[in-house]
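Notebook open, two chains to go through. I want to look up the salt bridges, then the interface, then a few spots inside each chain.

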Amino acid sequence: MGQKHQTPLLDELEKGAFPSFVKEIKRAAEHSEYAQDLLGQLELSYKEKVTHWKHGGIVGVRGYGAGVIGRYSDVPDKFPGVAHFHTIRVNQPAGFFYTSAALREICDIWDKYGSGLTNMHGSTGDIILLGTRTENLEPVFAELSSRGWDLGGSGSAVRTPSCCVGPGRCEWACYDTLELTYQITQRFQDELHRPMFPYKFKFKMAGCAVDCIASIARADMSIIGTWKDDIQIDQDEVRNYANSGMDIQAEIVDMCPTGCMSWDGNELTINNEDCNRCMHCIAKMTKALRPGKERGATILLGSKAPIVTGALMSWVIVPFMKMEPPYEELYDLVERIWEFWDEHGKNRERIGELIERMGFPTFIKEVGLEPHPVMVKEPRRDPFFFWSEEDIEK
Amino acid sequence: MICPLIISERGVYMDKEELKKIIYEMVEKSMGKKKLKQSDILKKVSAEHGVDKSEVKAALRELLDSGQLIFTYFGGSYVEIPPKE
Ligand code: HEM
Ligand code: HEM
Ligand code: SF4
Ligand code: SF4
């Protein structure tokens with residue numbers, strides 16, 4: 001198949017040192033009419049500086065209200081190959097671990113029913129299959145599910161939970177992010193496939209404060225590994241770092257955000273009571289320091305990108321929770337939070353926005369959380385302490 | 001003791017088919033006016049008929065699984081009657 005449309009503007013994007021999506025779409029266009037016309041429509045958009053996609057509407061697979069995102073061209077006569085160009089979200093495995101056979105299977109299915117173009121992975125974490133026609137949705141879903149795949153979340157539903165590689169590859173994981181992600185996905189199947197909330201709800205699981213999944217900025221509920229007891233120190237290894245040229249004072253002690261470390265040239269001392277478990281020192285001196293042994297997670301709530309109102313970061317609602325199966329304490333909390341949201345949330349209002357609107361004291365009272373000094377929304381803002389009528393002795 | 005035929009553990013007992021009819025009619029009436037979300041339906045039916053939300057949800061689920069009702073997406077997710085071909 002020769003190239004159907006001339007694309008001088010897109011061609012510019014193939015130049016330079018970086019990988020190019022244009023190059024990839026052109027490769028797909030060698031055997032896909034979708035990709036051919038995608039190039040054409042994209043070139044037109046670049047020329048006119050407007051999008052030619054229409055979105056939303058009535059596409060999906062029976063029984064599910066999530067997982068398919070409708071896209072149509074508004075110039076279908078010019079580009080019939082992308083007249084329908086729906087996206088399918090496929091639930092990725094926890095931690096993004098695949099066999100190469102699984103990846104081939106996904107690609108083969110997608111060559112058969114869609115454009116062959118994928119995005120591994122979308123910002124939600126899902127495998128994104130880009131571009132197919134309405135009449136292909138049921139067949140591709142049937143084929144995917146017969147091989148053990150399922151669709152992910154979209155719309156006003158739980159979004160496909162995702163996590164860092166956790167204990168699969170990382171020795172800092174303070175809980176099993178892979179297991180929790182799998183279990184949350186199973187537990188909330190209904191909420192994932194059948195939208196029932198005011199808006200989306202994302203779970204992201206990070207094994208420690210390094211937060212490789214960026215949960216603190218991207219999840220309505222961020223579950224971040226931490227520990228309660230003391231950082232484990234191997235003083236010989238600390239001295240090894242010093243002897244091999246590390247400036248422990250400048251690189252470790254002076255960089256500690258809580259100023260809770262000291263170094264006398266021979267021993268490293270940590271005042272664990274003041275340490276906020278930021279992971280800086282541990283990530284710098286991997287051989288000398290490790291997280292403590294009494295491990296669990298901090299639960300934070302509320303981050304989101306700007307849509308209805310501005311961006312928010314998650315803040316702490318539970319300082320420490322053991323994160324071990326069967327996770328009932330966590331599920332129970334999640335359900336109470338959803339009830340609060342269901343009761344008071346306006347259409348398209350995220351949980352973080354709702355809390356901003358109703359006030360944190362109302363939230364913790366209705367959800368049944370104990371106020372705690374670490375529930376700080378951001379540095380230099382007071383913790384959310386308020387007194388109600390009943391608290392005041394007259 | 002309360003007769004189990006009249007009162008279920010959580011509220012008034014209602015036949016599932018009857019519930020499905022009530023839900024379908026509610027969605028039908030809303031068409032072309034204010035779109036209903038799943039949670040609107042659960043709240044409304046539960047409040048108006050004294051049935052527990054989980055029962056309304058189970059009935060709604062059957063309507064969605066059978067294709068009599070569908071989910072749509074217009075900035076948020078709604079429950080609607082599928083368009084006639
Ligand atoms: C020359 C005089 C003063 C200067 C330059 C000054 C400066 C500041 C600054 C820059 C902050 C903000 C700190 C931050 O959020 O990072 C602050 C906060 C504050 N100041 Fe002052 N201040 C002065 C006098 C006073 C006086 C006389 C009082 C009370 C009688 C006072 C009470 C406060 C309070 C309550 C806060 C809020 C602290 C917080 O909630 O974190 N200040 N001041
Ligand atoms: C009409 C009078 C006043 C108005 C309209 C007013 C308004 C405000 C506003 C908008 C804030 C910022 C709140 C926030 O960012 O969360 C604030 C903070 C503050 N105001 Fe006032 N204020 C008034 C009078 C006073 C008086 C008389 C005092 C003390 C004697 C006072 C002490 C403070 C303090 C300490 C803060 C900082 C609180 C914090 O950091 O959490 N204000 N005020
Ligand atoms: S977030 Fe922490 S535990 Fe997870 S992969 Fe990154 S460093 Fe390891
Ligand atoms: S984890 Fe962070 S706060 Fe704790 S001692 Fe290390 S650098 Fe300091």
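**Entry 1: a long-range pair in chain A.** I started with E335(A), which forms a salt bridge with R187(A), the closest N and O atoms being 3.5 Å apart. I looked up where the two sit: E335(A) is in helix α12 (residues 328-344) of chain A and R187(A) in helix α6 (residues 177-187) of chain A, so I have a link between distant parts of the chain, 148 residues apart. Note to self that this is a predicted model. Are the partners buried or exposed? Neither: E335(A) counts as partly exposed because its relative accessibility is 31%, and R187(A) is also partly exposed, at 35%. Over all chains I get 26 salt bridges.

**Entry 2: a buried pair in chain A.** Next I checked E353(A) and K304(A), whose side chains meet in a salt bridge at 3.0 Å, N to O. E353(A) lies in helix α13 (residues 351-358) of chain A, while K304(A) is in the loop between β14 (295-301) and β15 (315-321) of chain A, so this pair ties together parts 49 residues apart in sequence. I looked up the accessibility of each partner. E353(A) has a relative accessible area of 6%, so I log it as buried. K304(A) is at 3% and counts as buried too.

**Entry 3: a pair inside chain B.** The side chains of E62(B) and K20(B) form a salt bridge, 3.0 Å from N to O. E62(B) belongs to helix α3 of chain B and K20(B) to helix α1 (residues 16-30) of chain B, so parts 42 residues apart in sequence are tied together. I had to write the partners down separately: E62(B) is partly exposed at 30%, whereas K20(B) counts as buried at 13%. The cut-off for buried is under 20%. I also found a network, in which salt bridges that share partners join D190(A), R194(A), K57(B), R61(B) and D65(B).

**Entry 4: the A/B interface.** That network sent me to the interface of chain B and chain A, where the rule finds 3 salt bridges. I looked at D190(A) and R61(B), whose side chains meet in a salt bridge at 3.4 Å, N to O. I also counted polar contacts across the interface and got 12 residue pairs, both partners at pLDDT 80 or more. Which elements of chain B supply at least two residues each to the side that touches chain A? I noted α2 (38-49), α3 (53-65), β3 (70-73) and β4 (77-80) of chain B. α3(B) gives the most, with 5 residues. By class, I have 7 nonpolar, 8 polar and 6 charged residues on the side of chain B that touches chain A. For the totals, 21 residues of chain B are in contact with 21 residues of chain A. The area buried between the two chains is about 1,700 Å², and carbon and sulfur atoms give 50% of that.

**Entry 5: chain B overall.** I tallied 3 helices and 4 strands for chain B. From the N terminus on, I read the elements as β-β-α-α-α-β-β. Chain B has 85 residues, of which 40% count as buried. Of the contacts in chain B with a separation of 6 or more, 50% come from residues 24 or more positions apart.

**Entry 6: helix α2 of chain A.** I listed the buried residues of α2 (residues 21-29) of chain A: V22(A), I25(A), K26(A), A28(A) and A29(A). Why are they on the same side of α2(A)? They cover an arc of only 160° around the axis, which puts them there. The general rule for an α-helix is 3.6 residues a turn, so residues three or four places apart point the same way. I then looked up what covers the buried residues of α2(A), and found α1 (8-12), α3 (33-48) and β5 (117-120) of chain A among the elements. At the start of α2(A), I saw a side-chain oxygen of S20(A) within 3.1 Å of the backbone nitrogen of V22(A).

**Entry 7: S162(A).** Last stop was S162(A), found in strand β7 (residues 162-163) of chain A. S162(A) counts as buried because its relative accessibility is 1%. What does S162(A) touch, not counting residues up to four places away in sequence? I wrote down Q92(A), F96(A), T124(A), G125(A), T181(A), F203(A), K204(A), M205(A) and I213(A).

Conventions: Residues numbered from 1 in each chain as written. Chains lettered and ligands numbered in written order. Predicted model: local features only at pLDDT ≥ 70, side-chain atom pairs only at ≥ 80, totals over all residues. Heavy atoms only, no water. Contact = heavy atoms within 4.5 Å. Buried area = accessible area lost by both parts, 1.4 Å probe. Salt bridge = Lys/Arg side-chain N within 4 Å of Asp/Glu carboxyl O. Polar contact = N/O pair within 3.5 Å; in protein donor to acceptor, adjacent residues only side chain to side chain. Nonpolar A, V, L, I, M, F, W, Y, C, P; charged D, E, K, R; others polar. Buried < 20%, exposed > 50% of the residue type's maximum accessible area, 1.4 Å probe, protein only. Arc of directions from axis to C-beta.
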